Protein chains: 2
Amino acid sequence: MAQNIYDEPGFFGGYSRLERSVHGLAGAAEWPVLRSMLPAIAGLRVIDLGCGYGWFCRWAAENGASTVLGLDISEKMLDRARAATDDDAISYRRANLDELTLPPEAFDLAYSSLAFHYVEDAERLYRTIHHALVPGGRLVFSTEHPIFMASSHSGWMTKTDGSRTWPVDGYSVEGRRVIDWLGAGVVKYHRTVATTVNLLIRAGFRILRLEEFCPTAEQIEANPALAEEVDRPMFLMIAAEK
Amino acid sequence: MAQNIYDEPGFFGGYSRLERSVHGLAGAAEWPVLRSMLPAIAGLRVIDLGCGYGWFCRWAAENGASTVLGLDISEKMLDRARAATDDDAISYRRANLDELTLPPEAFDLAYSSLAFHYVEDAERLYRTIHHALVPGGRLVFSTEHPIFMASSHSGWMTKTDGSRTWPVDGYSVEGRRVIDWLGAGVVKYHRTVATTVNLLIRAGFRILRLEEFCPTAEQIEANPALAEEVDRPMFLMIAAEK
C-alpha cells in the first residue's frame with residue numbers, strides 16, 4: 001500500500017517549498033515534454049492520479065477539458081487543491097492508487113506526474129486505468145527513472161578524472177526502496193524500464209512514446225543545476241493508448 | 001558507417017575465443033530470453049542482421065525457417081558461417097548495416113544479436129527493416145544497453161560500503177563511444193532507451209516486448225560471474241511488429 005508521507009508535518013513543509021510546488025507546472029522542468037505527449041485536451045474527460053496541489057487539473061480545465069477528476073492520497077494536498085479553484089469542471093477525491101477502483105470507460109485521458117513510483121502493484125494500477133479509459137483513450141505519466149532509483153547509494157560519485165557519475169546497482173532487483181527525502185523515510189518501488197513497458201502492454205496498452213528527461217540547453221542556461229540531469233535521467237515518461 | 005573491427009587479426013582472434021563464439025547460442029546467457037521473444041519460426045523467411053558465425057541462421061533453418069539470409073560486415077565471419085553449413089535454405093551476404101538496402105516485404109522475421117550498437121544511423125536501419133518485413137512481420141533484436149554504454153568509465157566502481165556499482169554519466173549525450181575491447185578501439189553508438197523505442201515507433205513498429213537482460217538464479221549458480229549482470233543490464237532486447 002502506498003505510504004501517505006505527504007500528510008506528515010515536516011515532509012509537507014519541505015514539499016511545499018519545492019520549485020514545482022511554488023510555481024506549479026512552470027516549475028517542473030519536464031513539463032514541456034510531458035505536455036507534448038498529451039492529446040489535444042479540449043472536450044476530454046480527464047483523471048489525474050496523484051494530483052497534488054491540482055496544478056495540472058486547473059491547467060486541463062483552463063484548456064477546455066470537459067471534466068477533471070483529481071485523486072490524491074493526501075488530505076492536505078486536496079485541501080490546497082480545492083482552495084485554489086472554484087471551477088465546476090474540477091472535482092477532487094481522496095484515493096490510494098494501490099486500492100483504486102474506477103468505473104469502466106469513464107475517461108479519455110489519464111494523467112499522472114511522479115506518483116506511480118509510490119505504487120507497489122503497478123500491474124493492478126495499469127489494468128485499473130485501462131479499464132477506465134475509452135478505446136483510443138490515452139495514459140500519459142511520469143515516474144522516477146529506474147536509473148535514478150536503483151542503487152542504495154542515492155547520490156553522485158566521483159570518477160578518477162574528478163567528474164561526477166551516477167551509481168547504478170541492483171537494477172534488476174525490483175521492489176521497495178526507502179530513501180531520505182525532505183527529512184522523511186520515503187518508501188518507493190523500483191521497477192525496471194522493461195517491467196513498466198511490459199506491464200502496460202500486457203494491460204492492453206500500445207506504447208506511443210517513451211521519454212527520459214533531459215533538459216534543453218535553454219533550461220540549463222536558466223538553471224545551471226539542471227546540467228546534471230544530462231548525465232542520468234531522473235524521470236521516465238510514457239504515453240500509451242488503449 | 002559501421003566499423004569492420006572483426007576483420008582485424010588481433011580482434012578476430014580474441015572474438016573467436018568468446019564463450020558465445022565457441023558455444024554459439026548456448027554460450028549466450030541472454031539467448032533463452034531472446035528466443036522467447038521470437039514467433040514460431042517454421043515456414044518463415046528470416047533475415048539475420050549481423051549474423052557472425054551463423055549460429056542463429058543454422059538454428060532458424062533447423063527449426064523449419066523456409067529461407068534464412070545472414071548478413072555481416074566481416075568476410076572472415078561469413079567464411080566461417082559458410083563453412084559451417086551446407087543447408088540450401090541458408091545464404092550469406094556481406095552487408096554494412098549503415099548502407100543496407102532490402103527488397104520490400106521480403107521477410108517475416110528480422111533478427112539481430114548485438115550488432116545494432118555498431119550502427120550510426122538507427123533511424124535509417126529501422127525504416128529499412130520495416131520496409132523489408134511483411135505486415136505482421138516481426139523484428140527481434142538485442143543491443144548493448146545504454147546503461148552499460150553511456151559512461152566513458154567502462155568498468156565497475158566501489159561504493160563506500162565496498163560493494164560494486166556501475167557508473168552512469170553522459171546518458172543523454174548520444175553518439176560515438178570508443179572503447180577498448182579485445183585489444184582494439186571499438187567504435188559503438190550510444191542511444192538512450194527512449195530514442196531506440198521512439199525511432200522504432202516512428203518507423204511504423206508496434207512495441208511487443210522490451211527486456212533488459214538479467215540472469216536467472218540457475219544461470220548464476222552455473223556461472224557465478226553472471227551475478228554482476230543483476231546490478232546493471234548489459235543487453236537491451238526488443239520485439240516489435242510491423
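A residue counts as buried under 20% relative accessible area, as exposed over 50%, and as partly exposed in between (1.4 Å probe, protein chains only). The exercises below concern a predicted model, in which local features need pLDDT of at least 70 and side-chain atom pairs count only at pLDDT 80 or more, while totals for chains, interfaces and linings use all residues. Residues are numbered from 1 along each chain as its sequence is written, chains are lettered from A in the order in which they are written, and side-chain values use heavy atoms, with hydrogens and water left out.

**Exercise 1.** Determine which turn and shift lay chain A on chain B.

Solution. Superpose the copies by least squares on the C-alpha atoms of residues with pLDDT of at least 70 in both. Chain A is then laid on chain B by a turn of 180° and a shift of 0.0 Å along the axis, with an RMSD of 0.0 Å. This is the relation of a two-fold axis. In chain A, the C-alpha nearest that axis belongs to Pro167(A), at 2.4 Å.

**Exercise 2.** Work out why Cys51(A) and Cys57(A) are not bonded through their sulfur atoms.

Solution. A disulfide requires a pair of cysteine sulfur atoms within 2.5 Å. The cysteine sulfur closest to that of Cys51(A) is in Cys57(A), 4.8 Å away, which is too far for a bond. In chain B, the sulfur of Cys57(B) has its closest cysteine sulfur in Cys51(B), at 4.8 Å, again too far. The count over all chains is accordingly 0 disulfides. As for accessibility, Cys51(A) is buried at 7%, and Cys57(B) is buried at 0%.

**Exercise 3.** Place the salt bridges of Glu30(A), Arg82(B) and Lys188(B) within the fold.

Solution. A salt bridge puts a side-chain nitrogen of Lys or Arg within 4 Å of a carboxyl oxygen of Asp or Glu, and over all chains 22 are counted. Helices (H or I, at least four residues) and strands (E, at least two) are DSSP runs, numbered from the N terminus.

- Glu30(A) and Arg20(A) meet at 2.7 Å, N to O; since Glu30(A) lies in the loop between α2 (19-23) and α3 (31-36) of chain A and Arg20(A) in helix α2, the pair ties together parts 10 residues apart in sequence. Glu30(A) is buried at 2%, whereas Arg20(A) is partly exposed at 22%.
- Arg82(B) and Asp79(B) meet at 3.8 Å, N to O, and, being 3 residues apart in helix α5 (residues 75-83) of chain B, are separated by about one helical turn. Arg82(B) is partly exposed at 36%, as is Asp79(B) at 45%.
- Lys188(B) and Glu144(B) have their closest N and O atoms 2.6 Å apart, and the pair links strand β9 (residues 184-190) with strand β5 (residues 133-144) of chain B. Both Lys188(B) and Glu144(B) are buried.
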